[in-house]
Amino acid sequence: VHYGERDFTFVKGAFGTVDRNWGWLLDALHHKITTTHVAHHVCERIPHYNAERATAALQEAFPDLYFRDDTPFLEALLHTAGTCALVEPVPGTADTYRYQRRE
C-alpha cells in the first residue's frame, strides 16, 4: 500500500512495512534489520541489540497493525514480480494506492 499526502499518517507509514526473515546469514550480517524492520520504522533510534525486544512489544501492543511475512525472500520477490501489474486507487480513500494483481 502507498499512502499519498492526504491519507498518510506516521502510524500507517510505520506499520505499512513488513518484517521478513532473510535467513541466519543475512540476519547476522545486517543485525536482523529485516526481521525487525517494523520496529525500525516506528523508531529508527532503537539500537539493533534491542530491536527484537521492541518487535515483540509491537506485536503484543498492536496485533492488528503489525505484519510479518515468513515467505522465503526469493519466493516473495518472484511472486510480487510475477503478479503485481500496476498501482490502483483504493476505493473510499483520498489518495491511497495498492498493487493490482495480474490475472
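The largest pocket of this protein has a volume of about 780 Å³. In total, 26 residues line this pocket, and those closest to its centre are V1, G16, V18, R20 and F67. Two or more lining residues come from each of three elements: helix α1 (10-14), helix α5 and strand β3 (96-101). Helix α5 gives the most to the lining, with six residues. Sorted by class, the lining has 13 nonpolar residues, seven polar ones and six charged ones. The structure in which this pocket is found is a predicted model.

The chain as a whole can be described next. It has five helices and three strands. Read from the N terminus on, the order of these elements is β-α-α-α-α-α-β-β. In other words, one strand is followed by the five helices, and two strands come after them. Taken along the principal axes, the C-alpha atoms fill a box of roughly 40 × 30 × 20 Å. The chain has 103 residues, and 24% of them are buried.

On the surface, there is a patch of nonpolar residues made of W22, W24, L25, L26, L29, F73, L74, L77 and L78. Together these residues have about 950 Å² of accessible area. Two elements give two or more residues each to the patch, namely α2 (24-29) and α5 (73-83). Helix α5 therefore has a part in two features: it gives residues to the nonpolar patch, and it also gives six residues to the lining of the largest pocket.

One member of the patch can serve as an example. L29 lies in helix α2. Is L29 buried or exposed? A residue is called exposed when its relative accessible area is over 50%. The relative accessibility of L29 is 56%, so L29 counts as exposed.

V87 gives a second example, this time from a strand. This residue has its place in β2, which covers residues 84-89. Which class of exposure does V87 belong to? Buried means under 20% and exposed means over 50%, with partly exposed in between. Because its relative accessible area is 45%, V87 is partly exposed.

V87 can also be compared in position with R68. Along the chain, V87 and R68 are 19 residues apart. In space, their C-alpha atoms are separated by 22 Å.

Terms used:
Residues numbered from 1 in each chain as written. Predicted model: local features only at pLDDT ≥ 70, side-chain atom pairs only at ≥ 80, totals over all residues. Heavy atoms only, no water. Patch = residues over 30% accessible without salt bridge, like charges linked within 9 Å, V, L, I, M, F, W, Y side chains within 5 Å. Areas by Shrake-Rupley, 256 points an atom, 1.4 Å probe, with all protein chains shown as cover. Salt bridge = Lys/Arg side-chain N within 4 Å of Asp/Glu carboxyl O. Helix = DSSP H or I, 4+ residues; strand = E, 2+ residues; numbered from the N terminus. Buried < 20%, exposed > 50% of the residue type's maximum accessible area, 1.4 Å probe, protein only. 1 Å grid on protein atoms, 1.4 Å probe; cavity = no way out; pocket = protein on both sides within 12 Å on 5 of 7 lines; lining within 4 Å. Points joined across faces, edges and corners; volume = space filled by probe spheres on them. Nonpolar A, V, L, I, M, F, W, Y, C, P; charged D, E, K, R; others polar.
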